[in-house]
Amino acid sequence: MLVIDIFSGYFIKKVQYKVGKNLTFNNFSSCLLSLYAFSLPLFPKQIFMELTASTIAEYLKGEVEGNADITVQTVARIEQGKPGALCFLANPKYEKYLYTTKASIVLINKSFVLKEPVACTLVRVENAYEGIAALLDLYQSMRSREKKGRSWRASIAWSAKVGRKAYIGPFAYVGKKALIGNNVKLYPHVYIGDNVTIGDNTIIYAGAKIYQDCQVGANCIVHAGAVIGADGFGFAPTADGSYKKIQQTGNVVLEDFVEVGANTTIDRATMGSTVIRQGVKVDNLVMLAHNVEIDQNTVIAAQAGISGSTKVGKGCVIGGQVGFGGHITIADKVMVGAQSGIVTSITEAGNYRGSPAFEFSKYQRCYAVFKNLPELRSEVLELKKKLSELNKKE
């Protein structure tokens with residue numbers, strides 16, 4: 001009873017400090033209920049993961065060189081490694097750090113040949129980059145398990161259906177007839193419009209907005225501030241010079257395993273759907289206009305913009321700040337360098353750069369010329385002057 005009285009007194013003083021000293025409680029239980037209501041973080045849960053080298057090797061089907069029982073509790077870049085940290089080496093440019101790092105464990109490729117002895121324990125895997133990605137997935141999944149349940153401060157329409165083990169954070173909104181799958185996580189201030197469907201295991205981070213009738217597949221990630229399904233930029237010029245809005249009656253469809261970066265916008269179709277197919281990864285601050293179609297496993301870097309009704313093929317790589325004109329088609333396996341401009345369709349796989357963009361090897365030859373244009377101009381003017389003097393002598 002003494003222990004309970006001590007804790008009860010502590011809790012009551014904590015609540016009174018937070019919400020006012022005049023607040024009183026009849027008993028310990030009422031105090032605890034108030035603490036829950038005000039969500040006071042008295043004992044925040046720590047995210048903690050400890051793995052041994054042997055456990056990592058077993059998980060990644062790798063081999064240990066060194067102390068199989070050594071443990072790690074965090075991850076770090078190899079140049080910033082410290083005791084208790086797991087690092088990886090995939091880029092040869094960072095090899096020098098392998099011999100000086102203080103990290104406890106380093107993932108390396110099985111094919112890597114050491115040039116010097118190392119102090120750390122090595123875990124050799126087929127692909128170190130893929131290996132660290134798999135471990136980070138494991139770490140993230142453990143963190144994600146911390147989030148579950150529905151906040152009483154969330155607003156969920158009666159006609160909405162929410163799956164098992166879903167998390168809906170404070171001030172999130174779920175509209176009428178929305179379907180939220182199993183293990184979905186809606187972080188605080190997320191807006192889910194009417195008739196939206198969200199597949200299993202999808203994560204929608206804080207402040208993202210998904211407008212009515214849009215569809216998000218399973219295992220997707222939509223980062224903070226992204227807007228899915230806003231009206232496309234459709235206006236018809238009128239006789240008096242003003243513009244009449246064209247109603248955007250379609251939706252946006254994100255298929256499974258799509259990731260959308262922070263503050264990216266994907267507009268709804270005028271009619272039909274704007275479609276982002278399975279496995280597409282979109283960086284922050286990207287603009288995808290109405291009726292755009294992005295095919296499977298294409299990646300798009302930050303600040304790229306794709307105009308309306310353009311279709312991008314499978315497995316394409318779009319660099320940062322690339323701009324696409326509207327109503328064009330891009331073939332599969334096209335790579336476009338940063339800040340390029342695409343104004344016509346690309347019919348063959350390859351590497352393109354420039355504005356307007358053309359084949360990369362030709363671009364390099366052209367660049368070697370036009371970067372020297374001032375000098376070339378001076379030479380031409382000098383030759384022209386000499387030619388003129390020769391003509392005068394004749």
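A residue is called buried under 20% relative accessible area, exposed over 50%, and partly exposed in between, with a 1.4 Å probe and protein chains only. The structure is a predicted model, in which local features need pLDDT of at least 70 and side-chain atom pairs count only at pLDDT 80 or more, while totals for chains, interfaces and linings use all residues. Residues are numbered from 1 along each chain as its sequence is written, and side-chain values use heavy atoms, leaving out hydrogens and water.

A search of the whole structure yields eight aromatic pairs. Rings of Phe, Tyr and Trp (its six-membered ring) pair if their centres lie within 6.5 Å; planes under 30 degrees apart are stacked, over 60 edge-to-face, and the rest tilted.

One such pair joins Tyr167 and Tyr187 edge-to-face, with 5.5 Å centre to centre and 70 degrees between the planes. This pair links distant parts of the chain, 20 residues apart: Tyr167 belongs to strand β11 (residues 167-168), whereas Tyr187 sits in the loop between β14 (185-186) and β15 (191-192). Strands here are DSSP runs (E, at least two residues), numbered from the N terminus. Tyr167 counts as buried because its relative accessibility is 9%, and Tyr187 is likewise buried, at 15%.

A second arrangement is found for Tyr173 and Tyr191: their ring centres are 5.3 Å apart and their planes meet at 5 degrees, so the pair is stacked. Since Tyr173 lies in strand β12 (residues 173-174) and Tyr191 in strand β15, the pair ties together parts 18 residues apart in sequence. Tyr173 is partly exposed, at 31% relative accessibility, and Tyr191 is also partly exposed, at 31%.

Returning to the edge-to-face pair, Tyr167 and Tyr187 form one aromatic cluster with Tyr205.

Technical notes:
Helix = DSSP H or I, 4+ residues; strand = E, 2+ residues; numbered from the N terminus.
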